[in-house]
Amino acid sequence: MRKLLILLLLMMFLVPAAHAAEPVLRHLTTPDGLTLTWYDGPSSAISTSETFLHGCYIDEDWEAGCVLNLLLAEAGDTNAMLRLGAHHLSGLGVPQSGEAALNWYQRALEAGEQTAHRSIALVYLNGWDVVPDAALAAEHMTKLAEQTGIGSSELAQLYLLGHGNLAPDMDKALAWFDLSMKDELYFSQHHHSADVYQARYDQKKEAFLAIQTLPDTLATRPSPVMWADGVPHASDAMDMGTFWRDGSGGMVDYIEAARWYEKAIAMDSPSTFVSEWSHLALGDLYRDGSLGMVDVNQAIRHYAYANDFARIGEMFRNGLTTTDGSFLLMPDTALADAFSSVDMYQDNNQTFRIIGDLFRHGLDQSGITIIEADSHLAASFYFMGCNEDDCAAQLTELYKQRLVKDALLLYRLGHDLPYMEGDVGELILLLADDLIHGRVTTWLPDNAVSVGYTCVDLGADLLKDALRQDKLSNPQTAYDLLALIEE
């Protein structure tokens, strides 16, 4: 598959697509006789190659990444030139060489890529296979800052401390610091009083003058090769899956598509667009038998993680049959109604209990095995039905068995349990005790982490809210745990 991929991409660049006014039909017949067909539009070759380049980096296939970057660089792509420089600095896919890296950075600069000034500055500042020259590095950073506005804070720190053959220069340091503050404190300058702006400026200046070592932002070791704007994202793996699923390169490969969709899910956070969309695509592949056979269990599981309950409802409404008419999934009106009601926001606690029971035991209501049990999905549905005592009791049992592990769900439990109408008192005490003693960790929002909010704090808030809501049959246990935190 990889050789086939490289052949396909090589052919994409034999005739630069950027010069084509209309899509051009391409053909490639591989040595084993497989013919690939695809259309190159004016920009499709570049966009397709960058999708695959992300894929190479996700797979850590550095050699293939170098091949693609070289093709792009020779076609004039300056970002590819910068990435090739990073490949050479890191020795990934090619021999490590600061000299070769510098050559690619200079080519990018000559082609008009001003950010290459920073890459060249790093090479000379750190002496990567060249004679160290901090003064020359400062010249490059100065040109970058003057032309693009990027790097003024780094220049300020470099002149503050000096480095190698560059002597400290407080006047230049403060001049570049002032320029950097114009951007950083723009909001304060225009929306607050002069006193507030001056106070914030003074705080920043005090911190700036207290710097004792060179910042990692300017002097650092070579970093692993990644995308020009950061690391590859889960969406890039999803794009790879869609490429193979839809046959965008002239060949459909559902197995390769599924592999990339699974990677996207593994790289992504739960309940985000990429994760849910990839689960949805996998659900279709398993439901339709595109991977060799129909897999009811995987189809239902992926649709559930995609929050596409309408498709699960449809499966139970109509059932699934083989080509000879035998049932792979028998119709089940109760489950069909339950999933359909969730999708249409007509659900009730009974709905959540029925679906939670399905995912907890894998059995329909007549006791026939339908799918493999999935404790996370079971816990999620019981949680949504926690206004009813039975769902609360089932969720508590799952928690006692240590089957509730998802960090996001644990946070939602800690945040929302005291306000549930069902009997959740026992679960509140169990979870709070675990949070306070560090037995479980939860996902915490960025704004909570930034102010030092911890799992212990979540446990304390859980207990305080439960006491205010009178949710505990044994409030003394909560008071004991809170006293333990204070100690």
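Helix axes are lines fitted to C-alpha atoms over the stretch in contact, and angles between them run from 0 to 180 degrees between N-to-C directions. The model used in these exercises is predicted.

**Exercise 1.** Describe how helices α19 and α20 meet.

Solution. Step 1: locate the helices; α19 spans residues 375-384 and α20 spans residues 389-400. Step 2: compare the axes, which come within 8 Å and cross at roughly 145°. The crossing of α19 past α20 is left-handed. Step 3: list the contact residues. From α19 they are S375, A378, A379, Y382 and F383, and from α20 they are C391, Q394, L395 and L398. Step 4: sort them by class, which gives seven nonpolar, two polar and no charged residues.

**Exercise 2.** Classify the ring pair of F316 and F339 and place it in the chain.

Solution. Step 1: the ring centres are 5.9 Å apart and the planes are at 5°. Step 2: planes under 30 degrees apart count as stacked, so this pair of F316 and F339 is stacked. Step 3: F316 belongs to helix α16 (residues 309-318) and F339 to helix α17 (residues 333-343), so the pair ties together parts 23 residues apart in sequence. Both F316 and F339 are buried.

**Exercise 3.** Decide whether F359 and F381 are buried or exposed.

Solution. Step 1: buried means under 20% relative accessible area. Step 2: F359 has 1% relative accessibility, so F359 is buried. Step 3: F381 has a relative accessible area of 2%, so F381 is buried.

**Exercise 4.** Which residues form one aromatic cluster?

Solution. The cluster consists of F309, F316, F339, F352, F359 and F381.

Key. Residues are numbered from 1 along each chain as its sequence is written. This is a predicted model: local features need pLDDT of at least 70, side-chain atom pairs count only at pLDDT 80 or more; totals for chains, interfaces and linings use all residues. Side-chain values use heavy atoms; hydrogens and water are left out. Helices (H or I, at least four residues) and strands (E, at least two) are DSSP runs, numbered from the N terminus. A crossing is left-handed if the near helix is turned anticlockwise from the far one by less than a right angle, and right-handed if clockwise. Contact means heavy atoms within 4.5 Å. Ala, Val, Leu, Ile, Met, Phe, Trp, Tyr, Cys and Pro count as nonpolar, Asp, Glu, Lys and Arg as charged, and the others, Gly among them, as polar. Rings of Phe, Tyr and Trp (its six-membered ring) pair if their centres lie within 6.5 Å; planes under 30 degrees apart count as stacked, over 60 as edge-to-face and the rest as tilted. Buried means under 20% relative accessible area, exposed over 50%, partly exposed in between (1.4 Å probe, protein chains only).
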